Amino acid sequence: MIFKKFSIENKKARDLIPQLITVLALISVIIYFATNAQINMGNRGISFGFGFLNQEASFDITFSMIEYDGSHSYGRAFLVGLLNTILVSVIGIFFATIAGVIVGVSRLSDNYLIAKVAEWYVEIFRNIPLILQIFFWYFAALRALPLPENGISFNDISFLTIKGWYVPKFIWTNFNIFLLSAIAAFIAIYFINSYATKQREQYGKQLPTAIISLSTLILFPLITFLFLGVSLTFEYPVLKQLSPTVYTYEGGVSIIPELIALALALSMYTATFIAENVRAGILGVSKGQKEAAASIGLTKNQILKLVVMPQALRIIIPPTTNQYLNLTKNSSLAAAIAYPDIVLVFAGTALMQTGRAIEIISITMLTYLTLSISISIFMNWYNKKMAIKEK
Amino acid sequence: MNIISKPSKENIKSYLPLGIVFISVSFLDVFVNAFFNYNSLVFFPSQISYFLPLLFGFIGLYLIRIEFSGIRFLDIVNKNINSNNFNAFLTLLTIFIIIKSIPPLLNWFVLDANFIGNSKDDCTGDGACWIFIKVWFNRFMYGLYPDAEQWRINTAFLILFTIVGFSFFVSAKLKKYFILFLIFIYPFLGIELISGGSFGLKYVETAAWGGLSLTFIISAFAILFCFPIGVFLALGRRSSLPAIRYISIGFIELWRGVPLITVLFMSAVMFPMFLPDGTFIDKLIRVLIAITLFEAAYMAEVVRGGLQALPKGQYEAARSLGMGYWKMNLLIILPQALKLVIPGIANTLLALVKDTPLIFVVGLMELAGMIGLAKTNPKWLGMAMEGYVFAGLVFWIICYAMSRYSQNLEKKLSTER
């Protein structure tokens, strides 16, 4: 009788048992792993802890956005790797978005040739593993570039060579004032836009917001150049002979081939997925919407801006967020061509030197988790902003 | 008088031939320039002659843009590639780029390429050195697997392809047994055949496995295991039991938030720390577990999409027939949900195949890894382009075939709702 009550009638107890078993199994696995780890670390004479982050790293990193050399700590090396990961992700996302939108729109072009070319672009680059594309650009395509002495020159300002792409360096004076003016311009544009929206909704007046915004964006920084002592000069790369056969460029900024190959492969690969999202989004807006908009007298641009795009974006944004996340995670393939990202610097070199596998792998994974979660929070916020507001 | 009027049906007789002449001149110039390296419009200044074909083509296309011309071919051309000035410009640009890029590609791939010989010294032309692929082909397919034992891999794959091939032609009842054999018996058989160690077969350690066959082995096993795990995780995430739900969510989001390369690093350097001292799990098995769990998380999200898309009525109907949780899911919910998400499943499997080259981080070498090894061989330096083009082509064929097959499957299984 008790058994029957327990098994069928008492739903609470019946639900509790599988949960209890799962949780107990999970806990016991964790305890098993933890004890093993403790014994293993004891055998090797290392103790769990994050103190090593303050120790001197004593290895060099080929490409760093902040000051770094061997005398800095492991924590600093981690930061260098993280910044490099973020750098290549941002560059990749930027170009992938542009290329993706262009290809996605092209696939819907009424020009047969353009549509076909875009379709084949997607089919080719989507179906080749990203790592192979990175290898191709790095080991094959970029290795075919000329040596520094015969570098491909762009108006003698910037040079493309096998050792990287040398571009002019920006040398600012009073950069802070310029930055403040740019921020002020953006704030001004925000207020202009909200004022224009109010005017439109209350009185039906159309203000030329685009022109006003653009001129604000140009005018504010221009004032700082003219009156507030901001100036910008360029330092151009110059060819220099080190020995009879070895040449190099001095001055300017050198963009290393690893970064070029990685950014190129990441953006070309991800662009195919974004293109498919864009295409699906535009196709998802029903024809009736466009016809209705045309019938109330909106111009072609207004239809695109006010009717098609807001609806298409709602379809495009969520899967595109996923692609941004994928791109950020895929940037870890940098380790394959020795671009010093977080995986190569931290989970590679630092791990080899310290032997602290558990701490370092956990930090690396947590970093990626944080990056992923922050991108998805931002995109969710944007998505909510774009979502249909029921009135 | 008529010269500046818009092209229309009235002046078709004068405009059409003129337009065709312009277009022919521009195409001929680009063609001759690309294939014979001869600039036929050389009598113009150098800067202008560069853009002249574009300009001529543009004028020509403008002249033949005649609405309702009555000539069928012309109407089709105008509608598809020449509907306005912008489109005409894009069309010309595309065609010129294609014409311009054919000769160098053709030269590199075929005309200047080398096919005959056995060493790098035989590669005398400027084009690709396909001898490299020919000499290393065995390694690219089988890795470091001993030459004398390679028939075992061939046999294993031959059995697989024969069974899969046959299962297309036999009746549905027999097909079921074929599939059961493939899922439950064949994996052990295949591994036994390739790994060896008993039945008089020489043992081949997994470190020697490699090449394209390893890509197939890893993909096949990961697909086999990640699918059921993914389904369980998806069900767990939608479970009404909070502990199971939160564990599933945590598990899925953890794997989805980190890159595969760090998971592989983990399986290589961190996982051994968690095992009792002295235990050793084969590298390949560790990698397989890592890839399977990683892809299972993605699979779970795809399956969850299908579960959420099913109308609530399906659940209620199954319940009202007195079905329990497992019976309801297995017989009613999953068959419908999985059918809905075939494209998603196919994409996940495609991603899995495309991710296999990453196993280089733990030192296993499939196709891309073997090419990395071959191109650093002192006798074969400078062969990166040939190697990666070959690998890219192989992977492209596999992935393209998979995506095409999934599209067909989707069409075949789609039921009107």
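This report describes the contacts between two chains, the domains of one of them and a sheet in the other.

The model is predicted, so local features need pLDDT of at least 70 and side-chain atom pairs count only at pLDDT 80 or more, while totals for chains, interfaces and linings use all residues. Residues are numbered from 1 along each chain as its sequence is written, and chains are lettered from A in the order in which they are written.

Taking two residues to be in contact if their C-beta atoms, placed from the backbone, lie within 7 Å, 49 residues of chain A are in contact with 41 residues of chain B. The helices of chain A listed below each supply at least two residues of the side that touches chain B; helices (H or I, at least four residues) and strands (E, at least two) are DSSP runs, numbered from the N terminus.

| Helix of chain A | Residues |
|---|---|
| α2 | 11–44 |
| α4 | 112–126 |
| α5 | 130–141 |
| α10 | 300–330 |
| α11 | 342–354 |
| α12 | 357–386 |

With twelve residues, α2(A) gives the most to this side of chain A.

In chain B, the domain assignment, which is automatic or from a database, gives domain 1 (2–105) and domain 2 (130–145 + 204–413). The centres of domain 1 of chain B and domain 2 of chain B, taken over C-alpha atoms, are separated by 49 Å.

Chain A also holds an open sheet of four strands, ordered β1-β2-β3-β8 with antiparallel pairing, where two strands pair if DSSP finds at least two bridges between them. Because β1 (152–154) and β8 (253–255) of chain A stand at the edges with a single partner strand each, one side of each is left without a neighbour in the sheet. The antiparallel pairing of β1(A) with β2 (residues 158–161) of chain A runs over three bridges, and Phe159(A) in β2(A) is the bridge partner of Ser153(A).
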